[in-house]
Amino acid sequence: MTANRLPLETCSTTEDTQDNVKRYSYWRLRMMYSMMIGYAGFYLVRQNFTMAIPSMQSDLGYSKTQIGVIISVAAVVYGIGKGVSGLLGDRSNARYLMTFGLLMSAIMNLFVGFSSSLTWLMIFWTLNSCFQSMGWPPCARLLTHWFSPKELATKWAVWNTSQQIGGAIILVMAGFLIEHYGWRFAFYIPGIICIFLAAFLFNRLRDTPQSLGLPSIEEHQGLTRGVHVEEEEHLSMRQILIEKVMKNKLVWYVCWANFFLYIVRMAVFNWAPTFLREFKGSSLHLAGWQAAGFDIAGMFGGIVAGYLSDKVFEGHRGQVGTIFMLILALCVVFLWKVPAGYISLHFIGMVAIGFLVSGPQILVGVAATDFASKKAAGAASGLTGTFGYLGTAITGVGIGAIVDYSGWDYAFLMVSVSAVLSAVFFALTWNHRAQVLEDMETAD
């Protein structure tokens with residue numbers, strides 16, 4: 001008897017499809033853990049400066065305003081660099097750009113550790129910020145090429161936990177190193193670690209699925225029914241930047257939401273150890289653990305916000321961002337008004353702020369790529385990043401000067417108002433989401 005057989009072409013196609021599924025599964029996992037480890041490394045040679053501020057002030061005799069100038073200049077350079085790196089990221093191999101950025105950032109940290117003068121500290125920390133800007137755009141490119149809009153916010157949130165992981169590790173590590181060996185070792189040790197992490201990134205990362213002979217993520221997950229995907233393939237990079245990014249009012253709303261969001265986030269990020277020590281009466285070691293609680297809570301807040309925007313709000317990032325930012329404003333006021341000495345309440349306030357600020361921060365990048373195009377993912381997220389770090393610049397010299405001349409109360413007032421303004425700009429995108437999701441709904 002002759003057994004029924006599938007045509008040779010059908011068998012071959014089925015085998016190719018199964019092979020692609022297995023390869024996609026392997027490479028998506030590999031890309032995710034590599035990006036997470038690598039981006040956590042960027043935070044080891046970034047957030048160490050915030051922990052070193054009190055000891056640097058004591059050892060070198062600089063005021064908060066002088067230290068704030070370093071933070072602000074570095075933030076402006078980082079913001080501009082993020083925009084430039086975004087443009088480069090859309091045109092270059094993410095593997096090389098991210099590896100180079102981490103390696104050079106590690107080297108700059110070693111130079112900071114050897115410095116004492118305000119000028120050299122500013123030069124090396126500003127250069128560090130320049131190389132730090134090469135971390136986010138490659139990840140935005142990789143995420144949008146390896147994960148589809150139907151899952152992007154959740155996957156982006158999982159990747160984003162690398163910020164909290166790296167931030168929490170360095171807050172505790174730096175606190176230990178500073179107390180036992182001095183503030184310079186908070187730059188030496190992370191710098192050395194990240195040189196090895198750069199080698200790890202170079203070994204693990206690859207660029208797009210197509211560079212490995214795989215189909216695009218939209219093809220792989222059957223999301224190519226929308227005509228906009230084909231239309232974008234015929235647009236030049238210049239056309240996509242102008243039409244999908246620069247002329248897109250939704251991208252600009254997200255930029256301004258991020259501007260005010262980052263005033264909140266980086267005010268806590270840069271000044272938490274200092275204000276917890278001075279304004280709330282915590283020791284440096286305890287302040288480090290309280291600030292670490294902010295980062296750890298952010299891991300869960302980001303994942304919750306990503307899941308809600310993907311599954312509950314069906315891709316409407318602005319709705320989730322608005323809700324989170326309004327609640328965040330209330331939590332900032334709570335931390336502000338809790339009296340000194342109430343350690344458990346300070347910890348609750350830091351955890352709540354960390355949980356709530358992380359979700360909208362993730363959704364900014366996802367929304368920017370939703371409203372623009374995955375071909376301009378680096379440029380769109382880079383532009384929002386530029387606005388974010390203009391907000392950071394305000395929290396550097398701005399918070400430092402406000403506290404020096406008016407006290408912490410006025411600094412908290414500024415942060416609270418910024419949270420409300422961020423919610424307003426998120427609300428302007430309330431009814432909008434990625435075009436591919438609209439196309440799928442229309443087709444269904």
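In the predicted model, Thr 384 has a relative accessibility of 2% and therefore counts as buried, the cut-off for burial being under 20%. Thr 384 lies in helix H16, which covers residues 377–405. When residues up to four places away in sequence are not counted, Thr 384 touches Val 254, Cys 255, Asn 258, Val 364 and Ala 368. One of these residues, Asn 258, is separated from Thr 384 by 126 residues in sequence, yet the two C-alpha atoms are 6.4 Å apart in space.

Helix H12 comprises 30 residues, 249–278. At 1.5 Å a residue, a span of 44 Å is expected for H12, and the distance of 42 Å between its end C-alpha atoms agrees with this. At Trp 271, H12 bends by about 70 degrees, and Pro 273 follows within four residues. The N-terminal end of H12 is capped by Asn 248, with a side-chain oxygen placed 3.0 Å from the backbone nitrogen of Leu 250. Of the 30 residues of H12, 24 are buried, so the helix is largely enclosed by the rest of the structure.

A second threonine, Thr 208, is located in the loop that runs between helix H8 (185–204) and helix H9 (217–220). Thr 208 also counts as buried, because its relative accessibility is 10% and the cut-off is under 20%. Apart from neighbours within four places in sequence, the residues in contact with Thr 208 are Arg 141, His 145 and Trp 146.

Note on methods:
Residues are numbered from 1 along each chain as its sequence is written. This is a predicted model: local features need pLDDT of at least 70, side-chain atom pairs count only at pLDDT 80 or more; totals for chains, interfaces and linings use all residues. Side-chain values use heavy atoms; hydrogens and water are left out. Helices (H or I, at least four residues) and strands (E, at least two) are DSSP runs, numbered from the N terminus. Buried means under 20% relative accessible area, exposed over 50%, partly exposed in between (1.4 Å probe, protein chains only). Contact means heavy atoms within 4.5 Å. The expected span of a helix is 1.5 Å times one less than its number of residues. The bend at a residue is the angle between axes fitted to the seven residues ending there and the seven starting there. A polar contact is a pair of N or O atoms within 3.5 Å; within protein, one must be able to donate a hydrogen and the other to accept it, and residues adjacent in sequence count only if both atoms are side-chain atoms.
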